[in-house]
Amino acid sequence: MTKTQQPTLADVRKWPATVSVPQAATAIGCSKSHLHERIKRGDSPVKTIPLGARHVVVTADLVRLLSGEDRATG
């Protein structure tokens, strides 16, 4: 996978338990600044974990989003 190529769902399933916001943004297909802003506003489409001044994205929740699973049942 190159930097400009969007990962497939199969690729994302192989990622570690948490990933960086830029990596998650690439998988979702949005800019890292857009995802950072949504996290800051509290309406991120994926679960995040705050680590000091930064956040990491929970890969299982990213998989849920990309596979179209309902958050309530996923």
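These are my notebook entries on one predicted model.

**Entry 1: overall layout**

I began with the fold elements. The protein chain has 4 helices and 3 strands. Reading from the N terminus, I get the order α-β-α-α-β-β-α. I then looked up burial for the chain as a whole. Of its 74 residues, 26% count as buried. The accessible surface came out at about 4800 Å². Carbon and sulfur atoms hold 53% of that surface. I also checked contact range. Among contacts in the protein chain with a separation of 6 or more, 42% join residues 24 or more positions apart.

**Entry 2: the largest nonpolar core**

Next I asked which residues of the largest nonpolar core touch the most other members. They are V12, W15, V19, A24, L35, V57 and L62, out of 13 residues in that core. I then looked up which elements give two or more residues to this core. I found α2 (21-28), α3 (32-41) and α4 (59-67). The most comes from α2, with 4 residues. In soluble globular proteins, nonpolar side chains tend to be buried together.

I followed A24 further. I left aside its neighbours within four places in sequence. A24 is then in contact with V19, L35, V57 and L62. Those four partners also appear, with A24 itself, in the list of core residues that touch the most other members.

**Entry 3: α2 against α3**

How do the axes of α2 and α3 cross? They come within 8 Å and cross at roughly 110°. I count α2 as roughly perpendicular to α3, because angles of 65 to 115 degrees fall in that class. I wrote down both sides of the contact. From α2 it takes V21, P22, A24, A25 and I28. From α3 it takes K32, L35, H36 and I39. By class, I have 7 nonpolar, 1 polar and 1 charged residues there. A24 and L35, both part of this helix contact, are also in contact with each other in the A24 list.

**Entry 4: α4**

I turned to the last helix. Which residues of α4 are buried? I noted T59, D61, L62, V63 and R64. What covers the buried residues of α4 includes α1 (9-13), β1 (18-20), α2 and β3 (54-58). I also looked just past the helix. G68 follows α4 and has a positive phi, near 80°.

**Entry 5: two single residues**

I picked Q23, which is found in helix α2. Is Q23 buried or exposed? Neither class fits: its relative accessibility is 31%, so Q23 counts as partly exposed. The partly exposed class lies between under 20% for buried and over 50% for exposed. I then took a distance to V12, which is 11 residues away along the chain. The two C-alpha atoms are separated by 9.8 Å.

My other pick was K14, in the loop between α1 and β1. K14 counts as exposed because its relative accessibility is 70%. For K14 I looked up the C-alpha distance to T59, and got 9.2 Å. K14 and T59 are 45 residues apart along the chain. T59 is itself one of the buried residues of α4.

Key: Residues numbered from 1 in each chain as written. Heavy atoms only, no water. Core = buried A, V, L, I, M, F, W, Y, C linked by side-chain atoms within 4.5 Å. Buried < 20%, exposed > 50% of the residue type's maximum accessible area, 1.4 Å probe, protein only. Contact = heavy atoms within 4.5 Å. Axes fitted to C-alpha atoms, helices over the stretch in contact; angles between N-to-C directions. Parallel < 35°, antiparallel > 145°, perpendicular 65-115°, else oblique. Nonpolar A, V, L, I, M, F, W, Y, C, P; charged D, E, K, R; others polar. Areas by Shrake-Rupley, 256 points an atom, 1.4 Å probe, with all protein chains shown as cover.
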